[in-house]
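Work through the exercises below with the sequence and the model open beside you, and try each task before reading its solution.

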Amino acid sequence: MPVKESSDELNPPVITRGVSIARLSSSAKRSAGDYLALALATCGVGYLPLAPGTWGSMVGVGLYVLLRAACLRLLVTSAGGRGIIGPVSELLYTTLSVAVIICVTAAGVWAATRAEKLLGRKDPGAVVVDEVAGQLITFLFVPLSFELKWWMALAGFLLFRSFDIWKPYPVRRLEALESGLGIMADDVLAGFYAAICMLVLTTVYSLT
């Protein structure tokens, strides 16, 4: 039976039923695609000894902050320094965010599927691209016009980590999906749960 690992430190490795994953021979020469898959799947932090899922989420928060800052800078430049954020700007920002999330998720499915074969594990703990995608989704409904405070970014981080570890219905069931799709799907849904909470949080904060 295959061993299902987890990048969530509170979810220990478990034995799963199903077809075992045949690890590619270590003597076989890895292709450029193999190294690319591992790089994408681990996001540079998956091999850290402690809490790879937490590190992956931090990468996701960092990407979100960079994307948001780039969009704000572009807006200020295009508006001649006035920095006006209107409906069109919000729509363009949301569209770009969705496009980035789709690209990260699609690349993650491919990379995670390949990483399972390379590492010989079901949902290898080193694979954290799912946390990156889920964390990006967490902030999807935060408007560009909303002044992002440090505590709000921290709240988004903690909300996603909570849903990712807790795995409320039907998040855990999505893990049973095949290969990289199962690795990514549960974190994507956990990200949407966290995104709804962030939407409520930012709306309440804006009204106070």
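**Exercise 1: Salt bridges**

The count of salt bridges comes to seven, where a salt bridge is a side-chain nitrogen of Lys or Arg within 4 Å of a carboxyl oxygen of Asp or Glu. This is a predicted model, in which local features need pLDDT of at least 70 and side-chain atom pairs count only at pLDDT 80 or more, while totals for chains, interfaces and linings use all residues. Residues are numbered from 1 along each chain as its sequence is written, and side-chain values use heavy atoms, with hydrogens and water left out.

Task: describe the salt bridge between Arg 161 and Asp 164, and state where the two residues lie.

Solution. Begin with the distance: the side chains of Arg 161 and Asp 164 meet in a salt bridge at 2.9 Å, N to O. Next, place the pair in helix α5 (residues 150-166), where the two residues are three apart, about one turn of the helix; helices here are DSSP runs of H or I with at least four residues, numbered from the N terminus. Finally, consider burial, which means under 20% relative accessible area (1.4 Å probe, protein chains only), with exposed over 50% and partly exposed in between. Arg 161 counts as buried because its relative accessibility is 5%, and Asp 164 counts as buried because its value is 0%.

**Exercise 2: A link along the chain**

Task: find the salt-bridge partner of Lys 167 and the network to which Lys 167 belongs.

Solution. Lys 167 forms a salt bridge with Asp 186, the closest N and O atoms being 3.0 Å apart. This pair links distant parts of the chain, since Lys 167 is in the loop between α5 and α6 (171-174) and Asp 186 is in helix α7, 19 residues apart. Lys 167 is buried at 6% relative accessibility, and Asp 186 is buried at 1%. As a last step, a network of salt bridges links Arg 161, Asp 164, Lys 167, Glu 175 and Asp 186.

**Exercise 3: Two packed helices**

Task: classify the packing of α1 against α3 by angle.

Solution. Helix α1 (residues 32-42) and helix α3 (residues 87-119) pack at an angle of about 110 degrees, with their axes 8 Å apart; axes are lines fitted to C-alpha atoms over the stretch in contact, and angles run from 0 to 180 degrees between N-to-C directions. Angles of 65 to 115 degrees count as roughly perpendicular, under 35 as roughly parallel, over 145 as roughly antiparallel and the rest as oblique. Therefore α1 and α3 are roughly perpendicular to each other.
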